[in-house]
Each structure stands twice: as C-alpha cells, then as structure tokens.
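Colleague: I am new to this structure. Please show me how to read its features, one at a time.

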Amino acid sequence: MRGPVLHLPPRPWAALAVLTALALIGIANWAIDETPPAPAAADAPADEFSADRAWATVEAMAVEPHPMGTAEHDRVRDLLAADLESLGFDVEIQTELARDSGEGDARVRFGVVDNIVATLPGTDPTGTVLLTSHYDSVPSGPGAADAASGVAAIVESARALSLEGPHRNDVVVLITDGEEMGLFGAEAYARSHPAGETPTVVFNLEARGVSGPSLMFETSTENAGLIEVFAEHAPSPHGDSSAIEAYRQLPNDTDFTRFHEAGYIGLNAAFIGGASWYHTPHDDTDHLDPASLQHHGENLLGTARALAGMDLADLETDRDQTFFGFLGLFVHYGEVWNLPIALLGLAAAAAAVALARIRRALSLPRFAIAFGTFLLPIAVSGAAAVALWPALQALRPGYADQYGLLFNRTFYYLAILAFGVAALTAWYAAARRRLGGAAAALAPLAWLAVLATLTAVAVPGLSFVFAIPALAAVGVLAAMLLEPRPRRARLVGYALFALLLVPAAVQLSWTSNLLEAFGMELAAVPAVLIVLFAAPVLPLLTMCRFRIRYVPAAAALVALALVGTGLAVDRFGPEHPRQAYLSYVLNSDTGAAAWVSTDLDRSEWTAGYVTEDGLDGSGLPAGYTETAAVNGFGPAEPIEVEPPTAVYETRTADTAVLRVASPRGADTMWLTVSGSADRAEATLPDGTTAEVPIAAPSEPGAPAVIWFYNVPAEGFTLTLHGDLGDVTVFDQTHGIADLDGYTDRPEDLMRSRDRLSDTVTVAAAAA
C-alpha cells in the first residue's frame with residue numbers, strides 16, 4: 001500500500017506561490033523579531049523613556065574599561081551615585097567582601113565590591129521592586145553595551161519614576177559591582193538582603209552583544225503573574241520561554257542567577273545582536289545600537305511602573321506560562337495548555353495515519369519505517385553543521401580564536417538551511433519511492449507531535465517549539481477529510497492545509513536567532529530544527545512536475561556556494577579585526593620572563609612574541625604552567641618590579657594562614673595551592689571575613705586556585721584548610737603597552753576578549 005497523502009493537482013506555479021508566501025511570512029517574522037523600537041528623542045514626554053536622554057549616561061560610563069579595582073571604576077561609581085541622588089533617591093554605597101565558589105573545579109574567588117543602592121521608599125509597600133544592572137566592565141572593553149546600556153536604561157527609568165512621586169512599593173535601584181569577575185555584587189546584596197515574607201521582584205538588564213531587540217530570556221519559577229504584568233505593561237514585550245532552557249545550556253551566568261538563588265522573583269532581559277563585539281575593545285558607543293537601549297528601557301519602565309503600584313503578593317502563583325513571539329504578537333498562556341495543544345497535533349497526526357491506512361495509501365509497517373528513518377536527515381544535517389565549524393577554521397584559521405562568534409554569519413546560516421533542505425528532500429525522495437508519499441509526508445508530522453507531547457510533560461516551556469508547527473497535521477487531516485467532497489470543499493481543505501503551514505514557517509525563521517545565541521560551535525541545534533520545521537511542506541512537492549531527486553543535489557551545491565560566499569564576505573580587516581591574545585608573565589624567584597598567548601592561530605604580530613608551543617622551557621612556575629590556559633610562549637626581558645608576597649603567619653599539617661599583599665599595588669591577585677585544599681577564608685584588614693569551600697579539581701593532582709579582585713592596599717589574610725602543599729602567589733595588572741619591546745597591534749587585530757589578555761603577571765613562592 002503506497003499512495004500520496006493528498007491528491008494535489010500538478011500545479012508547479014501554485015506550489016511555488018505557496019512556498020514563496022511561506023518564505024515571505026518567515027522573513028517577515030524574522031524582521032519583526034529582530035527590529036527593536038526606534039529610539040525616542042530627547043524632547044520626548046518626561047514620563048516616557050528616551051534613549052537619547054539615556055545615551056548621556058552611556059557616554060559618561062563607556063569612556064574606557066572600568067573593571068573593579070581601577071580608578072576609572074571609582075569614577076563611574078561616583079558619577080552614578082551622584083546622578084541617582086539628584087533624582088531624589090536615598091543613595092548608599094554598599095561595600096562588601098563577596099565570594100564565589102566558582103564552577104566546581106578547585107577554583108574560588110573573592111572580591112571587594114561597591115554596590116550602588118538607591119531607594120525610593122514606598123507609601124504602603126507590599127514588597128520591593130529591584131531594578132538592577134552592573135556598572136563594572138571587563139578589562140578588554142569600555143562596556144557600552146555590557147552593561148552601561150542596562151545602567152543607563154535604569155537611570156532614565158528612575159528619572160521617570162521619580163517624577164510620579166512616591167509609589168506604593170519600595171523602588172530600589174541596585175547598580176552592582178563585580179558582575180564580570182564573579183557576580184560579586186549580586187552575591188553580596190542577596191546575602192545581606194535575604195528574601196523575606198514580602199516579595200522582592202527583580203528586573204535585571206544585561207547584554208551579550210551590541211544590537212538587536214531586548215529579549216526577556218529568563219524568569220524565576222512559577223512566573224505566570226510576572227508574565228501577565230510584562231505582557232500587559234511592557235510597550236514591546238519580546239521573549240521566549242524556550243530561551244530559558246537554551247540559556248541553561250550556555251556557559252553564562254548573570255547577576256540574576258544569584259538573585260534567583262536567594263529566593264527573589266523576577267525577569268532577566270538582554271540583547272544579543274552583534275555578539276562578535278561582545279567583551280571586546282569595540283563594545284563602545286560607536287557600535288551600540290540606540291534602538292536596543294530604547295527597547296531595554298521602555299520595557300523596563302512600563303513593567304516597573306506597574307510593579308511599583310500593585311500588590312506584589314498577587315504575583316505569587318504555583319504555575320508557569322509559556323510565551324513566545326509570533327508575527328509581532330507576544331503570545332502567552334498557562335502551561336496547563338501545553339499538553340492539550342500537543343495532544344491536538346498528536347491526535348491529528350494519528351488520525352491522518354489511520355485515514356491513510358483506511359484509504360490504503362500506507363501500511364503501518366511502511367509508516368513505521370518512514371518514522372524511524374526520518375532520523376537520518378536529522379542526523380545528517382546536524383553532523384554537517386558540526387563539521388562546518390572545523391572546516392571553516394581550516395579554511396580560515398583566524399576563526400579559531402573568535403569563540404564561534406563571527407561578524408557575518410548570514411551566509412553560513414543560509415548554507416546550513418540549504419543543506420538541511422538537501423538532507424530532507426533526499427530522504428523524502430527515497431521514502432516516497434519505496435514507502436509511499438503518505439508515509440513520507442506523515443512521519444515528520446508524527447515526530448513533531450511526539451516531541452511536542454514529550455516536552456509538554458518534561459519541559460513545558462519548550463513544548464511550543466514543536467507543538468506549533470505540529471499543527472500542520474490538523475491541516476493535513478482537514479484536507480484529507482474534505483478531498484472527496486465537491487471542488488469548493490476540497491479547495492477549502494487545501495487552503496486550511498496551506499494556512500496551518502504558517503506556524504512551521506514562523507518557527508523555521510526563528511532558527512536564525514539560535515545561531516546568534518549559540519554561535520557556530522553549536523550550529524547543530526538550528527540545523528536539526530530546520531529539518532523538523534521544513535518537513536511539513538513536503539506534500540507540496542508533489543505539485544511540481546520536476547523530479548524531486550534533483551532537489552537534494554541542487555540544494556547541496558547551493559549550500560557549498562553559500563559557504564564560499566560567507567568566506568568571501570566575512571573577512572578580517574580594520575573594520576572587523578580578529579582577536580589576538582598577548583600577556584607578560586615574570587617568575588620573580590628566578591628572573592625568567594615570557595610573553596604568552598592562547599591564540600590557536602597566531603597572527604604575524606603574535607608570532608613575533610610567542611615562538612614556542614606549550615610552556616615547557618618557559619621557566620615559569622609550576623603554579624602557572626599547571627593552571628593557565630595559554631598554549632605558547634616566547635622569551636621576554638625581565639622587568640624591575642616588586643613581587644607579590646604571601647608570608648606564612650602560621651602553618652600546621654592541615655591549616656595555613658598567609659598574609660598576602662601586592663607591594664606594586666596590583667588590583668588582582670591569585671594563589672595556586674598544591675595538595676588538596678578544601679576550604680579558603682579571606683579576611684580584610686578591618687576584620688571582615690568570607691569563607692568558601694573548594695571543590696576537588698577535575699584533574700587529580702591539579703592545584704586549587706584562589707582569586708582575589710580589588711585587593712586592599714594593605715593586602716589581606718588568607719586561611720587555607722586541607723592537606724596543603726606548595727603555594728605560589730601572583731599579582732596582576734592590566735596594560736602591557738609600556739613594556740620594552742611591545743608594539744601596538746596592527747589595525748586588523750584587536751585585544752582578545754579573554755580577561756587575562758594584555759596583563760602583567762608577577763609570580764613568587766610563598767615564604
């Protein structure tokens with residue numbers, strides 16, 4: 001039993017028209033999704049958000065890099081505190097010793113932070129509305145987007161809120177410190193302001209790029225009340241509940257992580273366009289898009305205004321909402337609807353299979369084979385996307401140091417799309433010939449419906465990704481039922497089928513955003529989804545008179561041509577410089593000095609300093625060679641500088657107390673400890689103490705690493721517990737331009753975004 005699922009007439013132009021319309025709808029959805037609102041002018045009404053007004057704060061902050069512990073950081077702190085005080089907020093600088101337990105690999109961090117806490121007391125508070133972003137930048141860039149944009153959006157929103165007089169709830173503007181080095185400011189604030197009986201509702205602003213819409217990508221659990229407020233009061237709500245699950249797979253955290261752990265409820269938003277500029281020297285006002293700032297700010301202000309005036313207890317629910325964008329609409333509904341929607345698609349797919357079986361268009365064994373073999377185009381497309389990134393690095397070695405974030409990924413995405421079409425149509429041609437058109441058309445719809453149902457149970461916020469395109473099964477079933485009817489009814493059925501292909505087209509356009517979020521290293525994710533979302537249109541191919549078996553070869557050739565076009569278009573140069581890592585390390589105990597780099601493909605400039613692979617023969621201490629991520633070195637002249645000190649005050653079999661200081665005034669220090677340290681305690685000169693456990697290293701025998709940021713001038717005391725071995729201390733400063741032998745990077749290179757690039761590190765053994 002082999003036959004088509006629908007007896008569509010041979011009308012190639014009609015099929016082309018439908019496919020073109022679906023493509024245009026997908027492109028329109030992508031354009032709507034990727035276009036933030038236009039910036040409001042400086043003369044906009046005072047109660048509205050204006051990106052032009054907020055831009056002054058961005059310009060004042062993003063003059064140069066201002067990581068914690070630097071004089072520029074202190075300037076920015078004082079500027080923001082004065083601005084908030086002038087708006088009528090009660091301003092306090094919260095100075096705390098913060099800690100971070102790291103990522104479970106024998107690495108812990110401490111830091112002294114200066115949080116800016118500005119409060120507008122409420123008249124009858126039911127809780128606290130916390131508007132937050134961070135003011136420190138990475139050492140590699142001035143941080144116009146990350147996160148001066150977030151701070152500016154909050155300051156401009158605070159101005160508008162202050163004009164309205166006291167609100168019902170306390171409004172707290174929290175501009176945190178030390179986010180980039182360890183989420184320190186958020187940890188310190190959350191620890192000193194634990195969640196109480198009344199809610200603390202946080203709205204955090206971040207950036208992982210320099211452009212694009214403000215995406216609300218993370219929420220606290222049981223978010224139904226929050227999503228209702230956001231959907232109603234944010235002027236341009238934009239978000240996606242599946243992004244929460246995707247974000248959890250990325251090696252990123254924001255301050256929101258610490259707030260959520262502390263029991264706060266809230267929302268987290270960021271823009272991610274232009275991620276190739278993220279954390280680089282070009283995260284500046286020349287590259288930041290004011291429209292992204294506008295979107296950030298107007299959504300924050302609208303939501304904050306509503307939160308400030310409501311009973312925050314009303315936000316407490318026991319359920320989540322599913323939410324996503326669809327042709328400019330912010331669709332949201334209770335998670336209780338996920339399973340019924342998924343089951344609708346599953347029931348329609350099952351009914352279509354049963355009806356095709358009754359009509360002798362397929363047999364169940366043939367359908368089962370089609371269902372099982374549909375994994376082939378999914379696997380082939382995913383494997384091709386996985387292979388694409390190393391292939392691109394082989395063709396253009398400089399890509400290896402770009403962290404998968406390219407300046408122009410458009411043609412590479414289109415190549416992945418074209419190859420997905422090639423894999424899908426190759427499978428369809430073979431399956432239709434051997435198993436029949438009905439089996440080949442219905443198997444992908446069954447996959448979508450099954451995935452929708454499984455995720456509705458296991459990961460409800462992700463279910464819509466599959467459930468919405470699976471609704472095409474409803475269209476197929478309707479067309480099958482109406483096909484034996486008179487011509488008018490038959491055309492209605494075909495129209496319903498075409499209409500219910502729109503969700504699949506919208507979801508297909510959404511895959512382009514994933515390449516922006518994940519980068520080329522995880523291109524397999526959009527590649528797999530492309531096959532799933534494109535599959536519902538396969539029955540339309542029966543309307544074409546050409547042989548389908550020619551389509552895969554043509555699509556594969558198009559994919560190769562698009563890769564070539566991508567290589568031609570996405571080139572490094574002065575406008576798009578590639579990243580280059582270079583730092584200086586001195587072993588003060590032996591006088592050995594070296595230039596070091598992490599670059600996998602060393603430019604001619606880097607190769608002038610770094611001449612050897614690995615660190616064997618570098619003369620650098622074991623504490624450095626065993627923990628640093630660098631992969632090469634070159635000889636350097638030792639500099640005259642006072643080394644760091646780590647002096648034992650007491651030492652026993654399982655405890656050591658060291659007095660640690662940097663005579664040259666470095667703002668960052670770190671220590672490596674051999675043996676098996678299991679706990680570290682830092683104490684400031686005023687007696688303030690913080691303690692963190694040290695997890696076992698991932699590689700047996702590797703030393704523990706303890707970092708300290710914003711080191712006090714007098715130093716600090718470090719108490720270590722465990723089976724302790726040798727200790728080496730390092731201090732670190734930013735900037736290598738004044739070192740002998742250094743020459744500026746050529747115009748087609750920029751400083752690496754790695755936090756340890758362009759640093760001077762001096763090492764000494766503890767004594």
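Modeller: Start with the elements. Helices (H or I, at least four residues) and strands (E, at least two) are DSSP runs, numbered from the N terminus. His 73 sits in helix α3 (residues 71–86). Now the ground rules. This is a predicted model, where local features need pLDDT of at least 70, side-chain atom pairs count only at pLDDT 80 or more, and totals for chains, interfaces and linings use all residues. Residues are numbered from 1 along each chain as its sequence is written, and side-chain values use heavy atoms, with hydrogens and water left out.

Colleague: Is His 73 buried or exposed?

Modeller: Buried means under 20% relative accessible area, exposed over 50%, and partly exposed in between (1.4 Å probe, protein chains only). His 73 has 0% relative accessibility, so it counts as buried.

Colleague: Which residues does His 73 touch?

Modeller: Contact means heavy atoms within 4.5 Å. Leaving out residues up to four places away in sequence, His 73 touches His 66, Pro 67, Met 68, Tyr 135, Asp 136 and Asp 177. There is also a polar contact: a pair of N or O atoms within 3.5 Å; within protein, one must be able to donate a hydrogen and the other to accept it, and residues adjacent in sequence count only if both atoms are side-chain atoms. The side chains of His 73 and Asp 177 make such a contact at 2.8 Å.

Colleague: Can the burial idea be applied to a whole helix? Why is helix α6 called largely enclosed by the rest of the structure?

Modeller: Count its buried residues. Helix α6 (residues 184–192) has nine residues and seven are buried, so the rest of the structure largely encloses it. The buried ones are Phe 184, Gly 185, Ala 186, Glu 187, Ala 188, Tyr 189 and Ala 190. Helix α20 reads in a similar way: eight of its 11 residues are buried, so it is largely enclosed by the rest of the structure. Among the buried residues of α20 are Pro 526, Leu 529 and Phe 533. The buried residues of α20 pack against α13 (375–395), α14, α15 (437–458), α16 (464–470) and α19.

Colleague: How many salt bridges does a search of the whole structure find?

Modeller: Side chains of opposite charge can pair when their charged atoms come close. A salt bridge is a side-chain nitrogen of Lys or Arg within 4 Å of a carboxyl oxygen of Asp or Glu. The whole structure has 22. One of them joins Asp 731 and Arg 664 at 3.0 Å, N to O. That pair links distant parts of the chain, 67 residues apart: Asp 731 is in strand β20 (residues 716–734), and Arg 664 is in the loop between β16 (655–661) and β17 (668–683). Asp 731 is buried at 0% relative accessibility. Arg 664 is partly exposed at 24%.

Colleague: Please give me another pair.

Modeller: Take Arg 745 and Asp 758, whose side chains meet in a salt bridge of 2.7 Å, N to O. Arg 745 lies in the loop between β20 and β21 (749–751) and Asp 758 in the loop between β21 and β22 (759–765), so the pair ties together parts 13 residues apart in sequence. Arg 745 is buried at 15% relative accessible area, and Asp 758 is buried at 7%. Salt bridges with shared partners also join Asp 74, Arg 77, Asp 78 and Asp 114 into one network.

Colleague: Now empty space. What volume does the largest cavity have?

Modeller: Rolling a probe the size of a water molecule over the atoms shows where empty space is left. On a 1 Å grid over the protein atoms alone, a cavity is a set of points where a 1.4 Å probe fits but cannot get out, and a pocket is an open set with protein on both sides within 12 Å along at least five of seven lines; lining residues have an atom within 4 Å of a point. Grid points are joined across faces, edges and corners, and a volume is the space filled by probe spheres set on the points. The largest cavity holds about 40 Å³. Its lining includes Phe 203, Leu 205, His 238 and Asn 299.

Colleague: What is the volume of the second largest pocket?

Modeller: About 1300 Å³. Its lining has 44 residues, with Ile 27, Tyr 413, Leu 414, Leu 417 and Leu 508 nearest the centre. Helix α1 gives the largest share of that lining, 11 residues.
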